[in-house]
Structures are given as C-alpha cells and as structure tokens.
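Thanks for making the time this morning. Please have the sequence and the structure open while I talk, and stop me if you lose track of where we are.

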Amino acid sequence: MPRVKHMVGVCMFADISGFTSLCETYSLKASEAESCGTDKLTFTLNTYLGKIIEDILKHGGDVLKFAGDALLALWKAEYGGDLDDLTLLINKAIICSIAIQEECDNYMTDVGVLLRVKIALSVGKMQITHVGVTESKHFDLSGSAVSDVNAAEKWAEPGSIILSLLAFSNCDQSLFLFETIDNGMYYRVAGARVEEESATVSTVHPTGVQLALMSGVLSTGAVRTSTPSVAKRIFAPHVGTLLSRYYPQMKLPRIYRKKGQSEQKEQICKTTGNLLKSDSCHDPGHRTYIYSKLNDQDIEDLRAYVPKTVLSRIDHGQDLEWLSEMRQVSVLFINMELPIKGNSHSWALQRAFEVIHECARRLRGNLNKVFSFDKGCTFIVIFGLPGDKHDDDPTRALKAGHRIMDSLHQIMDITNESIGVTTGRAFCGVVGHRDRHEYTVIGRKVNMAARLMVNYPGTLSCDDDTYRSGKSKLKKEDFMVLPFIKLKGVADPGTVREYNNHHDREEEEEYDYPILGR
C-alpha cells in the first residue's frame, strides 16, 4: 500500500438536494406515530438513487463513490484508445445526464419534499489510489478530471448539466445545444439537438440515429429493424420519438408503450424500490461468474473494503436493510490538502489514512469514507454506529479529532487541515442500487459537520450539541467560541466552538478490547 491505477475517461459529479429535508420529514412523522418511518425513508432514498444509478449503468458508466447526497461516476476509456473513443464516452455521459434530469429532477416524494439534482461532467486523466491497513481499506479517485468536475459543479444549479471546457471540446457538438458560461470556460447543456423533418425526403432522422448509436443501444445494421434495448423513457423524446415518427409501421414492444401511473409505479417498485431483492437488467451473471473465480485470499482482501458494521450482518446472514435506522451519532469531517502530482499524493493519502484509522479505532469510531469531491480530500469518521455505541461518543469524537489534527500537522506533505464535529440524529443505512450501494449517513448534522470543516479552516470546530455533551469530561477552558459565520443550508447553526487542548494531558483511555452492545 498504496496502490495506484491510472486511467483516462469521463467523470460525472451528481449532487442531489433535498435528502436532508427528506430525512427530517420522515423522522418527524415517525415520532408523531404516523404510518411513516425509516422503512419508507429507505425505500424512497433507494428508489430515487436507484433511478440515477440505473441510468448510469445502462449508459456504460460506473458509480465509484457515494457521499451522502452526492455521487461520482466514471466512463473509462480503453487503454491506448484514440480521441474518437473519448468522444463516444462523453456523448454517452451527456445523454445519460439528460436522461437523469428528465426522470429525476423536480421529483416530488410522497411526503411533499422535492428532490433535485445537478450534474457536472469533465474528461481527462484520473487515478484510483487504494490505501489502508490489513483490516480496513478504501480507495479514492483523483486527478485533473476530478479537479475539473469539482470546478464545473460550482457553476451548476439544480436541473442543470455543466461541462468543463475539455469535455465540451471532446464531445460531438452537433448533437447537443449549449449555453456558454464564464467566457467559454464552462458550458451548460440545453438539450439534444432535434432536426426538422424534411418535407420532400423521407430519410432517417440523422441526429436521432447518431444519439442512439453514441449511447450504445443501436447497431448500424439493426437501426431499421429493431428498437433500442432499453426502455423508451431513457431516451424520450430523442430516440423514442425518432422510432415513432420514422417507423410508424413498427410494432413497439410493450415496454415502449405509455404506461398508466399505477402501472409505472409498480414497475419502479419492482426494479429499484427494494435494494437487495430487485432484479438488475445489467450484468449480475457476470458478477456471479467473477465471484466464483475468487480464492479465499481474494475474498479476504475484498472484505477489508466493507465496513465492519455491514460485515457483521453479512457474516450472520442478516438482511442489510435491517441496518437502516435513525440513530444518534457524532460525525467528524476531516479535510486536508495533499500534493497534486506524483507518488507524493498517494503516499500522503496513505499516511493520512493510517493516522485517522488508528485514532478512530482506539476510541471505537469508524472510518466511513475517503473521497475527493468538491471539498478536496475528505475523510468521514463516525462515532455511535451499531456495535460501537457509547454514552460519551461526543467526547470520543473530540479527542479523536484533536489527535488527528496534531498528527496530520506533523506530516510534511499534508497541509491546511481542518475538522468539523457535530452530534445529532442521522439516517444510517445501506443506500443505492442493487449493483452499486454503500453504507452511509445522511442528515442535517452530517451536512453541518461538512460546513464547519469548510468555513473554519485550520481549526477543530464543533457544534453546540457536541460541546454540551462533551464538556463534562473535557476542560471547559479548552473550548473557545468562534465568530459567527452563516453556513450554507444550515438555518440556525447555534454557537460554534473550537476545541484545542493546550494543557498537559492526562493519560487517556485506550479501547483495544471489544465492547458489546449498540
């Protein structure tokens, strides 16, 4: 460790708004004893995320990272491929983005919370860095394409698709409509270009056929005799309209006919509502085949990438949906700057992982995520997950944060460390799609930890709930009230404090032995 894999391809960053309000609404209704709660919340989250992930997989992409209400997807170019391959991939990603926006933007849930999504696309070099220790491993995606997609996302608004300059330059610009942003540095996709039907010549709609071919659902020889292999809704009105207009005599299969609302809802439930029991139209057989070829050591290596909370359920043959719950947790968002190029980046990431994992382990916390999204290199540590629940989790979180801050500061290649700590109820569970899912935490306090990390750089900051829960076991003089800063998406952050132990430390307890209970 670390192990690095280099590649070129298209990177998608999809950011969803409304998940936090959704969690709070369901939690409130559950507390009011209404017929609503964690099960319905899980169903709604997985139905919505399942739609997005299904579209990405159908269009040849793959979901690599989740971060609560955001995800990172990749269209990987073949090794040694030419520029045409990159054009094909970015076209696929744009068509996929249009399909996602048509289906998932302005999505009204059954409790009246509106879900929206914004998407950014980039193209370029990337690297996947695998870091970890024997019992716990993670991977992170970084590189110029990731930096570009993070920059493009800053210009995105709900319902929009933003392309970096390089992505725009490499796509087939004749297929889509664009609006220029920031003097040509970024481009907003306004839709697919639809050409008018010729009044004298009855020919195949050229743009529509190109869209179909680029999306990988039609072959040249079969374009006149067959329909796309995926549902009409994915490409409507572009490809679906094309077939109906130019081949009216073609009898479309039932899947392409317009469904009633109840039938459509039933179909959605069958395909995406139940995370672990749904049938996937992709490649489950291929996965099973690969798994059959793994030896015991391969399986043991893969287990290191699965959180121990999830492994415990798998080893006991329990349904992973049982993990979905609202619970009290303390969350640490840890941010830092790493070297951009060369082996220095991967080795700095490995050293950061070792420090954070060890500090969390000793105080019975869980390192949940490592990612390089819009906030740079970020680690998430959670205290209070099943099997590691303690009354003093906020105190443990602050102690862990202080140790991490001190240790990272001593590593030469790591700079600008900052940590945000919050405590409160959050949704904890496995969310996503049957073929791509992850154990995550979602909630207002989770978002607030990220905001504290960003808005109070160079400090270990915490919210008032963490302070009040931890002050009885920590020295009050080690807390200092920080200036008020308006936090995006947080209506009333309350008093924010810095925790910084300047005094001689007493011997702190270490927890290397197992602790039973939730």
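I will go through one strand and its partners, then some loop residues, and finally the aromatic contacts. Please keep in mind throughout that this is a predicted model.

Let me begin with strand E13, which covers residues 415-433. Of its 19 residues, 16 are buried, so the strand is largely enclosed by the rest of the structure. As for its neighbours, strand E10, residues 325-337, runs antiparallel to E13 and is joined to it by 12 bridges, and if you want a place to check the register, you can look at Gln328, which stands opposite Arg425 in E13. Strand E14, residues 436-442, also pairs with E13 in the antiparallel sense, here over seven bridges, and Val431 has Glu438 in E14 as its bridge partner. The connection between E13 and E14 is a hairpin that passes through two residues. Strand E15, residues 460-462, runs parallel to E13 and is joined to it by three bridges, with Leu460 in E15 as the bridge partner of Ile419.

While we are on this strand, I would like to pick out Gly432, which has its place in E13. Is Gly432 buried or exposed? Its relative accessible area is 1%, and with the cut-off for buried at under 20%, Gly432 is therefore counted as buried. Gly432 also lies 8.1 Å from Thr47, C-alpha to C-alpha, although 385 residues separate the two in sequence.

Now to the loops, where I have two residues for you. Asn183, in the loop between strand E8 (176-181) and strand E9 (186-192), has a phi near 55°, which is a positive value in a residue other than glycine. Arg364, in the loop between helix H13 (342-362) and strand E11 (366-373), likewise has a positive phi without being a glycine, in this case near 65°. As for their surroundings, Asn183 has a relative accessibility of 80% and counts as exposed, whereas Arg364, at 13%, counts as buried.

That brings me to the aromatic side chains. How many aromatic pairs does a search of the whole structure find? It finds eight. One that I would like to show you is formed by Tyr467 and Phe479, whose ring centres are 4.9 Å apart and whose planes meet at 75°, so the pair is edge-to-face. Because Tyr467 lies in helix H16 (residues 464-470) and Phe479 in strand E16 (residues 479-481), this pair ties together parts that are 12 residues apart in sequence. Both of these residues, Tyr467 and Phe479, are buried.

The ring of Phe479 also pairs with that of Tyr499, with the centres 5.0 Å apart and the planes at 40°, so this pair is tilted. Here the link is between distant parts of the chain, from Phe479 in strand E16 to Tyr499 in strand E17 (residues 497-499), 20 residues apart. Tyr499, at 4% relative accessibility, counts as buried.

Around Tyr467 there is a further contact to look at, since the charged end of Arg497 sits over the ring of Tyr467, 3.7 Å from its centre. Elsewhere, the charged end of Lys65 sits over the ring of Phe139, 4.6 Å from the ring centre. Finally, Phe168, Phe176, Phe178 and Tyr187 form one aromatic cluster.

That is where I will stop, and I am happy to take questions.

Terms used: Residues numbered from 1 in each chain as written. Predicted model: local features only at pLDDT ≥ 70, side-chain atom pairs only at ≥ 80, totals over all residues. Heavy atoms only, no water. Helix = DSSP H or I, 4+ residues; strand = E, 2+ residues; numbered from the N terminus. Buried < 20%, exposed > 50% of the residue type's maximum accessible area, 1.4 Å probe, protein only. Pairing = 2+ DSSP bridges. Phe/Tyr/Trp six-rings, centres within 6.5 Å; stacked < 30°, edge-to-face > 60°. Lys NZ or Arg CZ within 6 Å of the ring centre and 35° of its normal.
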